[in-house]
Amino acid sequence: MAPTALSERLKQSVTKDALRSYFAEFISTFFYAFAVVGSSMASRKLMPEMAANPTGLVIVAIANAFALSSTVYVAANISGGHVNPAVTFAKAVGGHISVLTALFYWISQMLASVLACLVLKVTTVGQVVPTYRIAQEMTGFGASILEALLTFALVYTVYAAGDPKRGALGNIGPLAIGMIAGANVLATGPFSGGSMNPASAFGSAVVAGSFKNQAVYWVGPLAGAAVAGLVYDNVVFPAQTPPDSLRGISDGIGL
C-alpha cells in the first residue's frame, strides 16, 4: 500500500504542470539571488568602506524589495511564487503541498541561487561574492532567533497577500511582500544580514567557499516560516473556515 501511495505522489510531482512550476521557481529564484547578491557586490565596488556607510544598506534593501516583488509576481500563477525554501517548507508543514513536491522546489531554488552567484563571480572578474554574516557581538543562537522573527513576518505577509478572503489584491500582494522584505533588511542588515532566504545564503556560500554560520540561515528561517504558516492557518483563519478562503501561496501569491 505504501509503495503504491509513494508511486502516486511521485507521478503527481513530475507532471507537466509540476515541471513548469519547478522551472518557474528556478527562473524567479535565479533573478532574485542575482539582484540581491549583485546589489551587495555593486555597493562594495562603489563604496569599499561599505560597512561604515549606511547607503550600502539602503541599496541592498531596495534591491531586495524590488527583486522580490517582481520575481513573486512573475511566478505567482505558475508555481505560487515561493522563491524561498522557507516558504516552501511552511507550505509543506501546513499540508498545502506534498513533501516530495517541496523537495523538487528546494532543488530548483538551490540550483538557481548557486548558478546566479556563479554567474556574478565569473562575469565580475576579481570581485568577491559576499556571504551573509552575523555581527561580532552576536551569537549564532541570537542571530537564528532574529532570522526566525524576520522570516515569520515575511511568510505571514505572504500568506495574507495570497488569501482570497482579503479580496482581489492583484499587484499589491507581491508589492507588500517585497516591502516587508526590504524593511526587514533595513532593520537587521548590520546584525544578521537580513537573509530570510536559505537559498540566497546557500548560493553565495557555495560560490564564495565559506559556510561559516550557515546553520543560522537555515534553522532560523525554516522555524519562523513554519510557525507563521501554522499561526495563519490555525489561529487567524482556523480549519473550520470554508476551504475556499484558506488558499495560501501555492494557489496564488507566494515568495
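Where does N84 lie: in which loop, between which helices? Keep that in mind as you work through the exercises below. The model is predicted.

**Exercise 1. Place N84 and find the partner of its side chain.**

Solution.
- Step 1: Locate the residue. N84 sits in the loop that joins helix 3 (54-75) to helix 4 (85-93).
- Step 2: Ask whether N84 is buried or exposed. Its relative accessible area is 1%, and the cut-off for buried is under 20%, so N84 is buried.
- Step 3: Look for the partner. A polar atom of the N84 side chain lies 2.8 Å from the backbone oxygen of M196.
- Step 4: Place the partner. M196 belongs to the loop between helix 7 (172-192) and helix 8 (198-208). With 1% relative accessibility, M196 counts as buried too.
- Step 5: Put it together. The N84 side chain, in the loop between helix 3 and helix 4, reaches a backbone oxygen in the loop between helix 7 and helix 8.

**Exercise 2. Describe the backbone of V83 and M196 through their phi values.**

Solution.
- Step 1: Recall the background. Most residues other than glycine have a negative phi.
- Step 2: Check V83. Its phi is positive, about 55°, although V83 is not a glycine.
- Step 3: Check M196. Here phi is near 65°, again a positive value in a residue other than glycine.
- Step 4: Add the surroundings. V83 is in the loop between helix 3 and helix 4, and at 0% relative accessibility V83 counts as buried.
- Step 5: Add a spatial reference for M196. Its C-alpha atom is 9.1 Å from that of L149, while the two residues are 47 apart along the chain.

**Exercise 3. Work out how helix 6 and helix 9 are arranged.**

Solution.
- Step 1: Take the geometry. Helix 6 (residues 140-161) packs against helix 9 (residues 216-236) at an angle of about 40°, and the axes are 6 Å apart.
- Step 2: Classify the angle. Under 35 degrees would count as roughly parallel, and 65 to 115 as roughly perpendicular; helix 6 and helix 9 are therefore oblique to each other.
- Step 3: Give the handedness. The crossing of helix 6 with helix 9 is right-handed.
- Step 4: Sort the residues of this contact. There are 16 nonpolar, six polar and two charged ones.

**Exercise 4. Characterise the ring pair of Y159 and Y232.**

Solution.
- Step 1: Know what to look for. A pair of aromatic rings is described by the distance of the centres and the angle of the planes.
- Step 2: Start from the total. How many aromatic pairs does the structure hold? There are eleven.
- Step 3: Read off this pair. The rings of Y159 and Y232 are 5.7 Å apart, centre to centre, with 55° between the planes, and the pair is tilted.
- Step 4: See what it connects. Y159 belongs to helix 6 and Y232 to helix 9, and this pair links distant parts of the chain, 73 residues apart.
- Step 5: Judge the burial. Y159 counts as buried at 1% relative accessibility, and Y232 is buried as well, with a relative accessible area of 2%.
- Step 6: Look for a group of rings elsewhere. F89, W106, F202 and W218 are linked into a cluster by ring pairs.

**Exercise 5. Classify the packing of helix 3 and helix 7.**

Solution.
- Step 1: Take the geometry. The angle is about 155°, and the axes of helix 3 and helix 7 are 8 Å apart.
- Step 2: Apply the cut-off. Angles over 145 degrees count as roughly antiparallel, so helix 3 and helix 7 are roughly antiparallel to each other.
- Step 3: Give the handedness. Helix 3 passes helix 7 in a right-handed crossing.

**Exercise 6. Compare the burial of S210 and S108, then zoom out.**

Solution.
- Step 1: Take S210, in the loop between helix 8 and helix 9. Its relative accessible area is 30%, so S210 is partly exposed.
- Step 2: Take S108, in helix 5 (residues 99-123). At 10% relative accessibility, S108 counts as buried.
- Step 3: Find a distant partner for each. S210 and P130 are 80 residues apart in sequence, with 9.6 Å between their C-alpha atoms. S108 and A199 are 91 residues apart along the chain, and their C-alpha atoms are separated by 9.6 Å.
- Step 4: Zoom out. The protein has nine helices and zero strands, and buried residues make up 50% of its 255 residues.

How values were computed:
Residues are numbered from 1 along each chain as its sequence is written. This is a predicted model: local features need pLDDT of at least 70, side-chain atom pairs count only at pLDDT 80 or more; totals for chains, interfaces and linings use all residues. Side-chain values use heavy atoms; hydrogens and water are left out. Axes are lines fitted to C-alpha atoms, for helices over the stretch in contact, and angles run from 0 to 180 degrees between N-to-C directions. Helices (H or I, at least four residues) and strands (E, at least two) are DSSP runs, numbered from the N terminus. A crossing is left-handed if the near helix is turned anticlockwise from the far one by less than a right angle, and right-handed if clockwise. Ala, Val, Leu, Ile, Met, Phe, Trp, Tyr, Cys and Pro count as nonpolar, Asp, Glu, Lys and Arg as charged, and the others, Gly among them, as polar. Rings of Phe, Tyr and Trp (its six-membered ring) pair if their centres lie within 6.5 Å; planes under 30 degrees apart count as stacked, over 60 as edge-to-face and the rest as tilted. Buried means under 20% relative accessible area, exposed over 50%, partly exposed in between (1.4 Å probe, protein chains only). A polar contact is a pair of N or O atoms within 3.5 Å; within protein, one must be able to donate a hydrogen and the other to accept it, and residues adjacent in sequence count only if both atoms are side-chain atoms.
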